[in-house]
Amino acid sequence: MRQVAELAGVGIKTVSRVINGEPNVTPETAQRVLDAAGALDYQPDLHAGNLRRSDRRTRTLGLLVGSVDNPFSGAVHRAVEDAAVGRGVAVFASSLDDDPQREREAVAAFLRRRVDGLILVTATADQTYLEPELRRGTPIVFVDREPSGIETDAVVSDNAGGAARAAEHLLAQGHRRIAYLGDLRSIQTARERLRGFLDALARAGVTAASVTEDLHDQDAAREALVRLLDAPDPPTAVFSAQNLITIGALHALRERGRHRDTALVGFDDVALADLLDPGVTVVAQHPEDLGRLAAERVFARLDGNDSPSQRIVVGTTLIVRGSGEIPPK
């Protein structure tokens, strides 16, 4: 910084004001400082700046998502980054892999780096371990899954409502033997989707043909559906309650040549779903809205909003493409 000041012909305090975006510097002087910084390839030491900055902010957020290789998580991540970049805030991201221990380790790593706020997908059954951080005033927003044991902001999809809509759609096509393929029972969103699905069937006086849970990847989903299709009385329709499960279900239906006579509705959209034949009918979430709203809540808290915690529910959209409209035999 001293070298930048000498080259620009200004004082060190002026360089500090320009680098930190503070007022009371003329445009001409600011440009001289920026030109000097560019010529010297100067990068500010953010950690040193934190020691002097009155708000002690690090201009960073910690983001914990399910898995960065899942398109849903990637969309949430991108939305948070898009909201943060305009504020000069960097996002540290980590994958959860639905491992409670990994969740705690990732959160601890974020906090060691003194992030200004946390946006978390959670796998632990109880998040009371975060209470000390809440008392210290760190904004924490849960995204996709709701917290348990603490009161804080959450931005979630209408999981039960979306699953009910999928079931109602299949019932409307005339199906009565509908199979459910679900994610890990330990995941809160998976439990909500199963609840919505079963409630919709119960309102119609229908019992699920089968309920298969703890299918956490496409291979497990494929194997489970192959077994159901090979049974003496196979389902005429399938609700796959997660995008990777939907991919596994598609493989199973095509392996058994049943993709044109067994209806399928998936929860959450999948890539190229509209290009298949038939196209895949889905109840689409809006992960970009989840990420954007979660980031807005964190920044609102950092800006001084101390209102009671909010639970923001983002609706889902039924996208009709063909697979969910196949009638029963």
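**Figure 1. Strands β3 and β4 side by side in the predicted model.** Let's start in this predicted model with β3 and strand β4 (residues 140-143), which run parallel and are joined by three bridges. Look for Ile-119 here: the bridge partner of Ile-119 in β4 is Val-141. Turn to the other partner of β3 and you meet strand β1 (residues 60-65), paired with β3 in the parallel sense over four bridges. On that side, Leu-64 stands opposite Leu-120 in β3.

**Figure 2. Which way do the residues of strand β3 (residues 117-120) point?** Gly-117 and Ile-119 point one way, while Leu-118 and Leu-120 point the other way. As a rule, side chains in a regular strand alternate between the two faces of the sheet. Whichever way they point, these four residues of β3 are all buried.

**Figure 3. The open sheet, strand by strand.** Step back a little and you can pick out six strands in an open sheet, in the order β2-β1-β3-β4-β5-β11, with parallel pairing. Which strands stand at the edges? They are β2 and β11 (311-314), and each has a single partner strand, so one side of each is left without a neighbour in the sheet. Ignoring direction, neighbouring strands of this sheet are turned by 15° against each other on average.

**Figure 4. Helices that pack on the sheet.** At the β2 end of the order, β1 and β2 pair in the parallel sense over six bridges. Helix α5 (residues 71-85) lies across β1, β2, β3 and β4, and runs at about 165° to β2. Helix α12 (residues 287-302) packs on the sheet too, touching β1, β3, β4, β5 (153-157) and β11. The direction of α12 makes about 170° with that of β5.

**Figure 5. A closer look at Ser-95.** You'll find Ser-95 in strand β2 (residues 90-95), where Ser-95 is the bridge partner of Val-65. Is Ser-95 buried or exposed? Its relative accessible area is 10%, under the 20% cut-off, so Ser-95 counts as buried. A polar atom of the Ser-95 side chain lies 3.0 Å from the backbone nitrogen of Val-68. Leaving out residues up to four places away in sequence, Ser-95 touches Leu-64, Val-65, Gly-66, Ser-67, Val-68 and Arg-102.

**Figure 6. Asp-97, in the loop after β2.** Now move to Asp-97, which sits in the loop between β2 and α6 (100-112). The thing to spot is its phi, near 55°, a positive value in a residue other than glycine. Asp-97 has 38% relative accessibility and counts as partly exposed.

**Figure 7. Where α2 meets α3.** Helix α2 (residues 12-19) and helix α3 (residues 27-39) pack at an angle of about 90°, with their axes 10 Å apart. That angle falls between 65 and 115 degrees, so α2 and α3 are roughly perpendicular to each other. Thr-14, Val-15 and Val-18 in α2 meet Thr-29, Ala-30, Val-33 and Leu-34 in α3. What kinds of residues make up the contact of α2 with α3? There are five nonpolar and two polar residues, and no charged ones.

**Figure 8. Ala-179 and its neighbours.** Ala-179 is found in strand β6 (residues 178-181). With a relative accessible area of 0%, Ala-179 is buried. Not counting residues up to four places away in sequence, Ala-179 touches Phe-197, Ala-209, Ser-210, Leu-228, Pro-235, Ala-237, Val-238 and Phe-239. If you want to place Ala-179 relative to Val-115, the two are 64 residues apart in sequence and 44 Å apart in space, C-alpha to C-alpha.

**Figure 9. The loop between β9 (263-267) and β10 (281-284).** Two spots here are worth a look. One is Pro-278, which lies in this loop; the peptide bond from Asp-277 to Pro-278 is cis, with omega near 0°. The other is Leu-272, placed in the loop between β9 and β10 as well. Leu-272 is not a glycine, yet its phi is positive, about 65°. Leu-272 is also exposed, with a relative accessible area of 58%.

**Figure 10. Zooming out to the chain.** To put the close-ups in context, the secondary structure of the protein chain comes to 12 helices and 12 strands. Its C-alpha trace spans about 85 × 40 × 30 Å along the principal axes. Of the 329 residues in the protein chain, 50% are buried.

Note on methods:
Residues are numbered from 1 along each chain as its sequence is written. This is a predicted model: local features need pLDDT of at least 70, side-chain atom pairs count only at pLDDT 80 or more; totals for chains, interfaces and linings use all residues. Side-chain values use heavy atoms; hydrogens and water are left out. Helices (H or I, at least four residues) and strands (E, at least two) are DSSP runs, numbered from the N terminus. Buried means under 20% relative accessible area, exposed over 50%, partly exposed in between (1.4 Å probe, protein chains only). A polar contact is a pair of N or O atoms within 3.5 Å; within protein, one must be able to donate a hydrogen and the other to accept it, and residues adjacent in sequence count only if both atoms are side-chain atoms. Contact means heavy atoms within 4.5 Å. Two strands pair if DSSP finds at least two bridges between them. Axes are lines fitted to C-alpha atoms, for helices over the stretch in contact, and angles run from 0 to 180 degrees between N-to-C directions. Angles under 35 degrees count as roughly parallel, over 145 as roughly antiparallel, 65 to 115 as roughly perpendicular and the rest as oblique. Ala, Val, Leu, Ile, Met, Phe, Trp, Tyr, Cys and Pro count as nonpolar, Asp, Glu, Lys and Arg as charged, and the others, Gly among them, as polar.
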